[in-house]
Amino acid sequence: MKNDPKLLIGGVILILLILGGVLWYMMSNPAPEPSELPTVPAGPSIGQSERISENGQYHEVSAEYPATTPLRASAGAEADAAAVAAFRSFEERIIETFKDQSGLATLTEEEIEMFGLGNERKYAIGIDYEMYQSKATVSYVFMIYEDTLGAHPNGYYRTFTFDLETGAGLQLSELFAPDVDYLTVLSQKSREALYEQLGENAVSDMLEPGTTPDEDNYQNFYLEGDALVIIFAPYQVGPWAIGTQEVRIPTSELSGMLKAEYQ
């Protein structure tokens, strides 16, 4: 069968129209200049998080920790990496302890049935965090929530504070000058603040023991702006119903006790 000249001409015209359309699009949408191209970040930025997640048959894990910290800019990449590694190690230990104490590896059929485990009812742990800064420090407050199938979940804290210049982790005692009785001062100020905050909800039988001048009572702290903040977890200074309490002490009230760089 001979080729129809009309069909051949129509095909050529169609190809020319398509080529013309492609050329028009390329002319009206030029390739971006190098400066317009999106840049690929060299690494994680402040605010980004790493995650540890598990969704087992009878348990769930949802934990976050910082992917990087301000220490990268102020104290160097090594200090930043050490801080991030400490966060991850801490969370991994907490999660493993939670799983061990929940007896997940040895659950019996009777226990699974008794607790109604499976589907929406599971042992669960969640870890979140907040970052705070002062002129000389950066602090991270990790909030841990554990649901062990009791009357209500349990909540507690772990804080990390670092010197921005050196990258060193700081214990509470290292904020203060040597040979000062800072714990007695913190005890007095915390009690006064908590009695005022709680009012008629204050339970002295719990508040007093939770604020004695012992290092353990003040292990959860952070520095923000010009204040030292002490965190009192549920049950430390009162019943579950009052929740977490924080006492904010201006560093000006600790003048002469704090080291000069942390005032």
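Helices here are DSSP runs of H or I with at least four residues, strands are runs of E with at least two, and both are numbered from the N terminus. On that basis the chain has 6 helices and 8 strands. The model is a predicted one. Read from the N terminus, the order of the elements is α-β-β-α-α-α-β-β-β-α-α-β-β-β. The chain has 263 residues, of which 38% count as buried. Among contacts with a separation of 6 or more, 56% join residues that lie 24 or more positions apart.

A convenient place to start is the pair formed by strand 4 and strand 5. Strand 4 covers residues 137-147, and strand 5 covers residues 154-163. The two pair in the antiparallel sense, over 10 bridges. Strands of a sheet pair through backbone hydrogen bonds, either parallel or antiparallel. To find the register, look at Tyr145, which stands opposite Gly155 in strand 5. The two strands form a hairpin with 6 residues between them, and in this hairpin Leu149 takes a positive phi near 70 degrees. Strand 5 is largely enclosed by the rest of the structure, because 7 of its 10 residues are buried.

The hairpin strands also contribute to the largest nonpolar core. In soluble globular proteins, nonpolar side chains tend to be buried together. The largest core of this chain holds 28 residues, and those that touch the most other members are Phe87, Leu117, Ile125, Ile127, Tyr140, Phe142 and Phe162. At least two residues of this core come from each of strand 2 (59-66), helix 3 (77-102), strand 3 (123-133), strand 4 and strand 5. Helix 3 supplies the largest share, 7 residues.

Tyr140 shows how one member of this core is surrounded. Apart from neighbours within four places in sequence, Tyr140 is in contact with Pro66, Thr68, Thr69, Pro70, Phe87, Tyr129, Glu130, Met131, Arg158, Thr159, Phe160 and Phe162. Two of these partners, Phe87 and Phe162, are also listed among the core residues that touch the most other members. A second, separate core has 27 residues and includes Leu228, Val237, Ile249 and Leu254.

Strand 5 and helix 3 also take part in the largest pocket, where each supplies at least two residues of the lining. The space in this pocket is about 240 Å³. There are 16 lining residues, and Arg158, Thr159, Phe160, Leu170 and Gln171 are the closest to the centre of the pocket. Strand 5 gives the largest share of the lining, 5 residues. Arg158, Thr159 and Phe160 are also among the contacts of Tyr140.

Past strand 5, the chain enters the loop between strand 5 and helix 5, where Asp179 is found. Asp179 has a positive phi of about 65 degrees although it is not a glycine. With a relative accessibility of 83%, Asp179 is over the 50% cut-off and therefore counts as exposed.

The next part to follow is an open sheet of 3 strands, with the order 6-7-8 and antiparallel pairing. Strand 6 (221-224) and strand 8 (245-250) are its edge strands, each pairing on one side only. From one strand to the next, the twist averages 25 degrees. Helix 5 (residues 182-198) packs on this sheet and touches strand 7 and strand 8, and its direction makes about 125 degrees with that of strand 8. Strand 7 spans residues 227-232 and pairs with strand 6 in the antiparallel sense over 4 bridges. Within this pair, Glu224 stands opposite Ala227 in strand 7.

Two residues around strand 8 make a useful contrast in setting. Tyr235 is found in the loop between strand 7 and strand 8. The phi of Tyr235 is near 80 degrees, a positive value in a residue other than glycine. Tyr235 has a relative accessibility of 45%, so it counts as partly exposed. Thr251 is found in the segment after strand 8. At 9% relative accessibility, Thr251 falls under the 20% cut-off and so counts as buried. Not counting residues up to four places away in sequence, Thr251 touches Asp226, Ala227, Leu228, Leu258, Tyr262 and Gln263. Of these, Ala227 is the residue that Glu224 stands opposite, and Leu228 is one of the residues of the second core.

Technical notes:
Residues numbered from 1 in each chain as written. Heavy atoms only, no water. Buried < 20%, exposed > 50% of the residue type's maximum accessible area, 1.4 Å probe, protein only. Pairing = 2+ DSSP bridges. Core = buried A, V, L, I, M, F, W, Y, C linked by side-chain atoms within 4.5 Å. Contact = heavy atoms within 4.5 Å. Axes fitted to C-alpha atoms, helices over the stretch in contact; angles between N-to-C directions. 1 Å grid on protein atoms, 1.4 Å probe; cavity = no way out; pocket = protein on both sides within 12 Å on 5 of 7 lines; lining within 4 Å. Points joined across faces, edges and corners; volume = space filled by probe spheres on them.
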